[in-house]
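Welcome, and thank you for taking a look at this model. Let us walk through it together, one region at a time.

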Amino acid sequence: MPSPYVPIVLSILVAVGFAVATLLLTRLIHPRKYNQVKLEPYECGIEATSDARDRYSIRYYLVAMLFLIFDVETVFMFPWAVVFDQLLLFGLIEMFVFIGILVVGYYYAWQKGALEWV
Amino acid sequence: MVDAVVIPLLKIVIVLVATLTAVSYMVLLERKVIAWTQARLGPMRVGPHGILQPIADALKLMIKEDITPARADRWVFTLAPILAMVPALIVYAVIPFGPAVEVFGRPVTLYITDINVGLLYVVSVTSVGVYGIILAGYASNSKYPMLASLRASAQLISYEVAVTLTLVSVVLVAGTLSLVGIVEAQREAHVWYLFAQPVAFALIVIGGLAETNRAPFDMPEAEQELTGGFHTEYSGMRFALFFLAEYANMIVVSSVATTLFLGGYLRPFPNVAAFGVLDIVPSWMWFLLKSFAFLYFFIWIRATLPRYRYDQLMRLGWKVLIPIAIANLVVTAIVRVLLVARVGADG
């Protein structure tokens, strides 16, 4: 019985191969008539004055941090859910403590206004 | 060697070709359905009723000039569409299109592989797609793509929390992460999880729309404010890869939702012998029909609903969907304990 992960490696290879091959093939056939104006970044016809990598809203950082916390917590729940039928009441109480802490944190973030998007 | 490499490889290529065909015809279907909704005809010029439009589109994208803006980060600019495309394609490796069947007297499974962490694989691989979007905006070094990619990634990760939490409650009911296992669990439970987990289904539908950047959550591509979204600076084949990835992701979401909630490849009433006549339609056809219904629903929503405002979208994700997902998980766990305890007492 071959490992079930072999097909996954194969499909990664095929998918990467497909993407790279189409890019390389179309490189051979597409026209190249570049000029300076065509290569400018698009800004509705106005000449770009500054670099686009400017400062941006702190909200995005906040969302990223909240996401990290919640997503990591969720990953911990997957194994619990798989073996839940064997743990039953024990698993239920254990996970309620875990979810309880998560909900407290969530409530805190809500009260602090971290979930507001103004 | 044949079983380990050649047959999977054949299946992968078949699925890849089928996906690409489905993607290009999804675009035509979408244009047609939206046109009919608005009492227009849609594409009519290329072939009868525009049936050859996808081929024309593909050819056009291939021979278009491919521009790398002067200020862009050249390598990352090329890497981004590949990073968006690859995850959308490799998810199909674990989607069960059907059970094992006989092909030329040799048993063949109608899925590329069945791993015991299938659902986790789906969740993690689809998350990688976010990198393609972030890097596209960053590498373009242009203001609209930068803003759009920030918005898109914030939206994707916000809804991912709700979707992943919802998936946990499905796993709780099925007791396995294998997608084949989840379909078979629905056969044994005599019920589609759509009926066992209706709240989860609703959350997955809303989350799925948001994760694929579809209307009413197509914020990252809000043309009026952000021109073309994060791929404003892209053209030619690199743009086409983003486009393919977006539609391939739609098909992924419908296939996963079909597998988890609509009984996957099972026919309706799989345990009722009286409906045995339905077995005339092969299992993979049931899967395709259900997924297609789901895709049609996506288009229908786009033709019907207006776009959310960005703050509304974030509020819906963080303040509505996540609490509902947690509540659904807790209720599911309690009900599960009561059910199993009762079965134990009877036995």
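The crossing of H4(B) and H10(B) is left-handed, and this pair of helices is a good place to begin. Please keep in mind that the model is a predicted one. Helix H4 of chain B covers residues 118–140 and helix H10 of chain B covers residues 236–261; their axes come within 12 Å and cross at roughly 160°. That angle makes H4(B) roughly antiparallel to H10(B), because any angle over 145 degrees is counted that way. On the H4(B) side, the contact is made by B:Val122, B:Thr126, B:Gly129 and B:Gly132. The H10(B) side brings B:Ala245, B:Asn249, B:Val252 and B:Val256. Sorted by class, the residues of this contact are 4 nonpolar, 4 polar and no charged.

Now stay with H4(B) and turn to another of its partners, H3(B). The axes of H3(B) and H4(B) come within 8 Å, crossing at roughly 160°. These two helices are therefore roughly antiparallel to each other, and their crossing is left-handed. The list of residues that meet here includes B:Val76, B:Phe77, B:Leu79 and B:Ala80 from H3(B). Facing them, H4(B) offers residues including B:Val125, B:Thr126, B:Val128 and B:Gly129. You may recognise two of these names, as B:Thr126 and B:Gly129 also belong to the contact of H4(B) with H10(B). By class, the contact of H3(B) with H4(B) has 18 nonpolar, 4 polar and no charged residues.

Next, go back to H10(B) and look at how it packs with helix H8 of chain B, residues 198–211. The axes of H8(B) and H10(B) are 11 Å apart, and the helices pack at an angle of about 170°. H8(B) and H10(B) are therefore roughly antiparallel to each other. From H8(B), the residues B:Phe201, B:Ile204, B:Gly208 and B:Glu211 meet B:Val253, B:Ala257 and B:Phe261 of H10(B). This contact has 5 nonpolar, 1 polar and 1 charged residues.

From these pairs, we can move to the nonpolar interior. Which residues touch the most other members of the largest nonpolar core? Among its 122 residues, they are B:Met85, B:Val91, B:Ala162, B:Val171, B:Leu241, B:Leu244 and B:Ala248. Helix H5 of chain B, residues 143–174, gives the most to this core, with 21 residues. B:Leu241 is worth a visit of its own. Leaving aside neighbours within four places in sequence, B:Leu241 is in contact with A:Ala19, B:Pro81, B:Ile82, B:Ala84 and B:Met85.

One of those partners belongs to chain A, which leads us to the place where the chains meet. The contact takes 70 residues from chain B and 55 residues from chain A. On the side of chain B that touches chain A, the elements giving two or more residues are helix H1 (2–37), helix H2 (53–63), helix H3 (74–90), H4, H5, H10 and helix H12 (310–346) of chain B. The residues on this side of chain B divide into 44 nonpolar, 12 polar and 14 charged.

Two loops of chain B deserve a closer look. Most residues other than glycine have a negative phi. B:His49 departs from that pattern, with a positive phi near 55°. You can find B:His49 in the loop between H1 and H2 of chain B. B:Asn141 also has a positive phi of about 55° although it is not a glycine, and its place is in the loop between H4 and H5 of chain B. Are these residues buried or exposed? B:His49 is partly exposed, because 14 other C-beta atoms lie within 10 Å. B:Asn141 counts as buried, because 21 C-beta neighbours lie inside 10 Å.

Let us finish in chain A, in the segment after helix H4 (89–111), where A:Glu116 is found. A:Glu116 is partly exposed, with 14 other C-beta atoms within 10 Å. The C-alpha atoms of A:Glu116 and A:Arg59 are separated by 8.9 Å, with the two residues 57 apart along the chain. A:Val118 also has its place in the segment after H4 of chain A. A:Val118 is exposed, because 6 other C-beta atoms lie within 10 Å. A:Val118 and A:Tyr106 are 12 residues apart along the chain, and their C-alpha atoms are separated by 19 Å.

How values were computed: Residues are numbered from 1 along each chain as its sequence is written. Chains are lettered from A and ligands numbered from 1 in the order in which they are written. This is a predicted model: local features need pLDDT of at least 70, side-chain atom pairs count only at pLDDT 80 or more; totals for chains, interfaces and linings use all residues. Axes are lines fitted to C-alpha atoms, for helices over the stretch in contact, and angles run from 0 to 180 degrees between N-to-C directions. Helices (H or I, at least four residues) and strands (E, at least two) are DSSP runs, numbered from the N terminus. Angles under 35 degrees count as roughly parallel, over 145 as roughly antiparallel, 65 to 115 as roughly perpendicular and the rest as oblique. A crossing is left-handed if the near helix is turned anticlockwise from the far one by less than a right angle, and right-handed if clockwise. Two residues are in contact if their C-beta atoms, placed from the backbone, lie within 7 Å. Ala, Val, Leu, Ile, Met, Phe, Trp, Tyr, Cys and Pro count as nonpolar, Asp, Glu, Lys and Arg as charged, and the others, Gly among them, as polar. A nonpolar core is a set of buried Ala, Val, Leu, Ile, Met, Phe, Trp, Tyr and Cys residues joined through C-beta atoms within 7 Å. A residue is buried if 20 or more other C-beta atoms lie within 10 Å of its own, exposed if 12 or fewer, and partly exposed in between; C-beta atoms are placed from the backbone.
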